Amino acid sequence: MGNKKLIGPITQLLTLDQLPIKGALKDEQLEIVEQAGIVVEGEKILKTGLWTALKTEFLQAELVELKGDFVAIPGLVDCHTHICFGGSRARDFAMRNAGKSYLEIAQAGGGIWDTVTQTRALSLDELAAATAKNANRHLSEGVTTIEVKSGYGLSVEEELKMLRAIQKAKASTPADLVPTCLAAHMKPRDFEGSPTEYLERMANQLFPVLEEEKLSGRIDAFVEKSAFSPEEITPYLEKAKALGFDLTVHADQFTAGGSAVAVELGAKSADHLEASTDTEVKLLAKSDTIAVALPGASIGLGCAFTPARKILDQGGALAIASDWNPGSAPMGDLIAQASILATFEKLSTTEVLAGISFRAAAALGLDDRGKITSGKLADFVLFPTSDYREILYQQGKLKPTMVWKNGKKVG
Ligand code: NIG
Ligand code: FE
């Protein structure tokens with residue numbers, strides 16, 4: 001009995017129980033338990049139900065009694081970030097908004113390569129501290145699981161430094177960090193050789209160390225005209241798959257093409273999709289690859305949003321992630337971005353909540369979180385309101401009062 005906790009009363013508990021991974025969702029499908037409680041045992045949720053009933057059933061549990069109105073939702077899952085980086089790209093942002101082209105910004109020393117230079121300049125410890133700081137900001141906004149990509153190292157040693165820094169950052173944040181190797185972000189300017197030769201070097205020299213040191217079980221690639229073509233990337237991703245890595249792809253951001261590679265290779269997710277046409281939408285919707293919308297990149301670049309409505313209506317699985325990075329998506333506010341996507345794409349509250357919880361967890365291959373139901377990790381967030389709709393309505397301004405991770409109050 002000793003390590004059970006009973007938390008409540010909660011004005012509205014959104015369990016997200018019974019909601020499927022794929023397809024459109026109506027708000028009528030949302031399970032809302034009013035005047036609820038959550039029983040936590042160790043790291044997991046033991047039971048949810050009515051506060052009064054749980055209070056009688058769990059007399060010995062440690063009571064965490066709440067005063068006031070609260071809405072509880074699952075701890076949020078951000079399945080696509082680049083929060084391990086050095087420096088800033090404020091100059092890019094200002095130049096872009098002043099009408100400068102991609103090329104002009106690159107010629108002024110901007111773009112991904114600028115962040116590579118600024119990231120390489122940091123020590124492993126400095127990078128770990130920067131990553132933990134960003135993760136803890138995210139945690140305070142309710143994000144309890146955060147995918148973190150490398151991809152600003154772009155040499156065997158520098159990619160390893162980033163991934164080791166992400167591992168090190170785990171000790172300085174209660175959030176779960178899920179590292180992903182994005183050595184295939186672009187061919188680095190200082191690599192003398194073809195894109196294929198660069199990818200071969202990464203596969204031959206980096207993949208074995210990722211396995212040996214358990215640095216990452218996931219491989220990502222940027223499939224785009226400015227990065228790698230489908231033909232260049234396919235053998236690289238096939239090698240990763242054969243070794244047992246999960247795959248994810250930066251796909252269809254500016255030109256369509258990457259999502260077909262992702263689906264073909266059975267990637268866990270295809271992310272971005274701003275340039276996906278009906279052909280790609282159909283392909284994704286039929287597959288088990290989760291489509292990940294990144295509204296932060298649309299907002300940061302002033303580009304189109306991912307066709308989220310179409311993906312859901314065709315029966316696809318849609319997750320929403322922040323893409324928090326210093327270049328295209330500097331805001332890093334998942335709830336604000338998801339709420340803005342909802343207004344442009346006409347997504348129901350249930351679709352948005354699913355997209356930033358259990359559907360995002362599925363994009364990471366995790367089925368142990370993202371719902372407040374018995375047996376899942378006790379990751380949940382309490383907002384100071386009596387109406388769940390306020391969370392998205394306030395577009396990121398309503399911050400959580402309490403964040404629970406693995407059965408512990410962490411914020
Ligand atoms: O997901 N699209 C490629 N990569 C990042 C941007 C990285 C950067 O600009 O630093 C993205 O938007
Ligand atoms: Fe990204």
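Of the 411 residues in the protein chain, 55% are buried in this predicted model. The chain contains 16 helices and 16 strands. Its radius of gyration is 21 Å, close to the 22 Å given by the globule rule for 411 residues, so the chain is as compact as a globular protein of that length. Along the principal axes, the C-alpha atoms fill a box of roughly 70 × 45 × 45 Å. Contacts within the chain were also examined by sequence separation: among those between residues at least 6 apart in sequence, 72% join residues at least 24 apart.

Strand E1 spans residues 4-14 and is mostly covered, with 10 of its 11 residues buried. Pairing with strand E2 (residues 32-41) is antiparallel and comprises 8 bridges; within this pairing, Ile 10 of E1 stands opposite Ala 36. Strand E1 also pairs in the parallel sense with strand E4 (residues 62-65), over 4 bridges, and Gly 8 has Glu 65 of E4 as its bridge partner. A parallel pairing with strand E5 (residues 71-74) consists of 2 bridges, in which Leu 13 is matched with Ala 72. In a regular strand, side chains alternate between the two faces of the sheet.

The backbone of E1 includes a cis peptide bond, which joins Gly 8 and Pro 9 with omega at about -5°. Pro 9 lies in strand E1, and Gly 8, on the other side of the cis bond, is the residue bridged to Glu 65 in E4.

Positive phi values in residues other than glycine occur at Leu 273, where phi is near 65°, and at Asn 406, where phi is near 50°. Leu 273 is placed in the loop between strand E11 (269-272) and helix H10 (278-286). Leu 273 counts as buried because 28 C-beta neighbours lie inside 10 Å, the threshold being 20 or more. Asn 406 is found in the loop between strands E15 (402-405) and E16 (408-409). With 17 other C-beta atoms within 10 Å, Asn 406 is partly exposed.

Ligand 1 is surrounded by 13 residues, of which the closest are Ile 112, Ala 297, Asn 325, Gly 327 and Ser 328. By residue class, the shell around ligand 1 divides into 5 nonpolar, 7 polar and 1 charged.

Notes: Residues are numbered from 1 along each chain as its sequence is written. Chains are lettered from A and ligands numbered from 1 in the order in which they are written. This is a predicted model: local features need pLDDT of at least 70, side-chain atom pairs count only at pLDDT 80 or more; totals for chains, interfaces and linings use all residues. A residue is buried if 20 or more other C-beta atoms lie within 10 Å of its own, exposed if 12 or fewer, and partly exposed in between; C-beta atoms are placed from the backbone. Two strands pair if DSSP finds at least two bridges between them. A residue is near a molecule or strand if its C-beta atom, placed from the backbone, lies within 6 Å of it. Ala, Val, Leu, Ile, Met, Phe, Trp, Tyr, Cys and Pro count as nonpolar, Asp, Glu, Lys and Arg as charged, and the others, Gly among them, as polar. The radius of gyration is taken over C-alpha atoms; the globule rule is 2.2 Å times the number of residues to the power 0.38. Two residues are in contact if their C-beta atoms, placed from the backbone, lie within 7 Å.
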